[in-house]
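Trainee: I have a model open here and I'd like to understand the labels on it. Can we go through them together?

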Amino acid sequence: MRVLFSSTSGYGHIYPLLPLAKAFLAAGHEVLWATGAADVVAAAGIETAVAGLVGPELRDAVAPVAAAAARLPPPDRAAFMFPTMFGGLLTPPMVADLLPLAQRWQPDLLVHEQAELASPLVAALLGRPSLTHAFGGAVPAPFVAEAGQRLAALWAEHGLAVPPHAGCFTAPYLDICPPSVQSVPTAHIAQVQPLRPVADVGGDRADLAGVPADDGRPLVYVTLGTIHNHAAFLRPLVEALAALPVRLLVTVGKDADPALLGDQPPNVRVERWVDQPLVLGHCALVVSHGGSGTFLGALAQGLPQLCLPQAADQFRNAQAGVSSGAALSLPPGWAPADAVPAVQRLLADGRFRSNATKVSAEIAGMPSPGDVVETLVRWRTEGSSDRALQ
């Protein structure tokens with residue numbers, strides 16, 4: 001079977017799909033991935049095609065949208081950004097590249113991450129199913145519906161009426177979020193196929209280069225991701241936490257400079273990038289922005305978290321983590337000193353670890369990527385348009 005994956009360019013939108021793509025390859029199927037970040041996907045050993053806005057063109061197009069979002073209160077930014085950027089801005093140029101690519105390659109199945117909204121239109125034109133793959137918890141239905149409204153004219157150009165929710169849920173929804181931390185209702189989604197969120201470990205589990213040596217103090221991993229990782233926020237946060245009896249591992253992102261955080265005491269190590277799944281297995285606690293990859297990755301390891309949400313789905317994740325009893329969260333406008341008692345509480349109160357372990361067990365019980373590939377192949381070959389997943 002030929003499977004055409006598609007995604008926007010963000011790491012947080014690509015990495016959640018990699019395990020399923022690799023599972024298709026391991027099962028002997030052909031996989032092609034269309035994205036503006038082809039180098040990231042190609043590094044995982046998957047055939048790629050460049051599609052959509054890339055490079056300076058992408059940055060110039062996104063800049064005014066991001067500037068407009070920055071003027072909104074942080075919790076309100078996602079409702080503006082999702083339909084504006086992923087709907088109206090990024091989808092038309094993606095369709096322009098993805099449609100001829102799909103017409104040439106003739107996939108049997110299309111899989112797109114939730115923010116890549118060209119695939120449903122392309123699939124409809126080809127008469128093939130397009131599966132929406134979560135990159136975290138579900139995106140609120142009104143966000144996706146408004147994105148679809150912004151795409152009505154684009155669908156009309158191709159002689160089609162845009163389905164509800166931008167055509168995203170006409171085929172099974174691949175849901176990587178365990179129910180206990182799913183903060184968004186999913187009643188609008190007809191078919192849901194659970195899929196265990198699996199993160200690849202890139203190196204040897206004995207190789208912990210970049211991690212402070214174990215001296216008996218707990219290891220705390222601190223990251224604000226790759227988008228909201230501004231040194232102005234991160235540096236005072238690290239300074240405050242460094243005074244605690246812990247070891248700190250801090251990442252600033254591949255495109256940032258660790259030197260911007262200044263000199264650090266011996267218990268602090270600052271890196272651009274680490275193999276996060278590998279590192280999490282040695283941590284006691286995670287302090288992060290609450291991005292979906294880090295949020296679900298920490299829960300999969302049974303780790304309590306301190307969430308410092310800033311935008312996107314981070315506020316929804318933080319809310320879910322607090323509701324599950326596995327996390328604490330600080331509201332917008334937090335001061336670095338506020339994180340200190342929160343970290344102390346998370347380390348001292350075993351209930352947070354116990355609740356995180358419960359979510360970890362829930363994740364472990366979800367179908368693996370290999371299992372889901374078998375289910376999808378059976379569903380597709382036995383008549384996907386007529387049957388629900390079994």
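Mentor: Sure, and keep in mind that this is a predicted model. Let's begin with a term: two strands pair if DSSP finds at least two bridges between them.

Trainee: So what makes β8 and β9 a pair?

Mentor: The cut-off is at least two bridges, and five bridges join strand β8 (residues 219-223) to β9, so they count as paired. The two strands run parallel, and Thr-223 stands opposite Thr-251 in β9.

Trainee: What pairs with β9 besides that, and how do you know?

Mentor: Strand β10 (residues 268-271) does, in the parallel sense, over four bridges. Thr-251 turns up again here, with Glu-271 as its bridge partner in β10.

Trainee: Why is β9 called mostly covered?

Mentor: Buried means under 20% relative accessible area, and five of the five residues in β9 (247-251) are buried. Both faces are covered: Arg-247, Leu-249 and Thr-251 lie on one side, Leu-248 and Val-250 on the other.

Trainee: Let's turn to the open sheet. What is its strand order, and which strands are the edges?

Mentor: The seven strands are ordered β3-β2-β1-β4-β5-β6-β7, with parallel pairing. β3 (47-50) and β7 (192-194) are the edges because each has a single partner strand, leaving one side of each without a neighbour in the sheet. From one strand to the next, the twist averages 25 degrees.

Trainee: How do you know that β1 and β2 pair?

Mentor: Five bridges connect β1 (residues 2-6) with β2 (residues 30-35), in the parallel sense, and Ser-6 stands opposite Ala-34 in β2.

Trainee: What does helix α16 touch on the sheet?

Mentor: Helix α16 (residues 369-381) packs on the sheet and touches β4 (109-113), β5 (130-133), β6 (173-175) and β7. Its direction makes about 150 degrees with that of β7.

Trainee: On to the cysteines. How many disulfides are there?

Mentor: Zero, from a search of the whole structure. For Cys-168, the nearest cysteine sulfur is that of Cys-177, 17 Å away.

Trainee: And why is Cys-307 in no bond with Cys-177?

Mentor: A disulfide needs the two sulfurs within 2.5 Å. The closest cysteine sulfur to that of Cys-307 is in Cys-177, at 13 Å, so the pair is too far apart for a bond.

Trainee: Are Cys-168 and Cys-307 buried or exposed?

Mentor: Cys-168 has 0% relative accessibility, so it counts as buried. Cys-307 is also at 0%, and therefore buried.

Terms used:
Residues numbered from 1 in each chain as written. Predicted model: local features only at pLDDT ≥ 70, side-chain atom pairs only at ≥ 80, totals over all residues. Heavy atoms only, no water. Buried < 20%, exposed > 50% of the residue type's maximum accessible area, 1.4 Å probe, protein only. Axes fitted to C-alpha atoms, helices over the stretch in contact; angles between N-to-C directions. Contact = heavy atoms within 4.5 Å.
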